[in-house]
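Visitor: Please give me a close look at the aromatic rings here, and at the surroundings they lead to. I'd love one connected tour.

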Amino acid sequence: MTLDQTIAELDALRAHGAEIDELLEAAVHRVHQLDTRFHWTGIYELFGADVLRLGPFIGAPTEHCFIGVGKGVCGSAVAEKRNMNIPDVSLHANYLACSSETKSELVILIRSGDVIHAQIDIDSHELAAFDDEAVVKVQRVADWLARAYDERRTSSHRV
């Protein structure tokens, strides 16, 4: 599946009135299919100001259903307000191991300006799995999801 097909499918779901949870689920499945190096793909939503809560994911179950902001790669991305591409997790001092097979990790924030809604978290069993092309693809889906979060917030204020 190509990135353009992924975005088109998400657009179609939104046009048919899909709620954010359904859009997140579809996005995880589509992102996971974008690259064979993606072995675990999930979304962590910001839950309150200081906790990430696991949403939909594909891959092995994880014990990390809640991650504090500042903890691990996922929590660090939020604390530092930046995406993180970790080519070798064994060299990252703040890494939270989800699987002994994970060698590299990519976290792309789903954000609208300074507002962080969630993040796409991807683990790979390969070292340095996330090249510039992979990052750009995931970022484009994250940007699409940020607009969906914005639309949800706007429509809930109209009610």
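Guide: Let's start with two rings: phenylalanine 38 and phenylalanine 130 are both buried (under 20% relative accessible area; over 50% is exposed and anything in between partly exposed, with a 1.4 Å probe and protein chains only). Keep in mind that this is a predicted model, where local features need pLDDT of at least 70 and side-chain atom pairs count only at pLDDT 80 or more, while totals for chains, interfaces and linings use all residues. Residues are numbered from 1 along each chain as its sequence is written, and side-chain values use heavy atoms, with hydrogens and water left out.

The whole structure holds four aromatic pairs, meaning rings of Phe, Tyr or Trp (its six-membered ring) with centres within 6.5 Å; planes under 30 degrees apart are stacked, over 60 edge-to-face, and the rest tilted. Phenylalanine 38 and phenylalanine 130 form a tilted pair, because their centres are 5.8 Å apart and their planes meet at 45°. This pair joins distant parts of the chain, 92 residues apart: phenylalanine 38 sits in the loop between α2 (20-32) and β1, and phenylalanine 130 in the loop between β6 and α4 (132-158). Helices (H or I, at least four residues) and strands (E, at least two) are DSSP runs numbered from the N terminus.

Phenylalanine 47 and phenylalanine 66 are tilted too, since their centres lie 6.3 Å apart with planes at 55°. Phenylalanine 47 belongs to strand β1 and phenylalanine 66 to strand β3 (residues 66-68), so this pair ties together parts 19 residues apart in sequence. Phenylalanine 47 is partly exposed at 40% relative accessible area, whereas phenylalanine 66 is exposed at 52%. Ring pairs also link Trp40, Tyr44 and Phe57 into a cluster.

From β1, we can step across to β6. Strand β1 (residues 40-47) pairs with β6 in the antiparallel sense over six bridges (strands pair if DSSP finds at least two bridges between them), and isoleucine 43 has isoleucine 120 of β6 as its bridge partner. Strand β5 (residues 104-112) also runs antiparallel to β6, over nine bridges. Nine of the 10 residues of β6 (residues 115-124) are buried, so this strand is largely enclosed by the rest of the structure.

Isoleucine 120 also brings us to the largest nonpolar core, with 32 residues, where Ile110, Ile120, Val141 and Leu145 touch the most other members. Such a core is a set of buried Ala, Val, Leu, Ile, Met, Phe, Trp, Tyr and Cys residues joined through side-chain atoms within 4.5 Å. Its largest share, nine residues, comes from α4.
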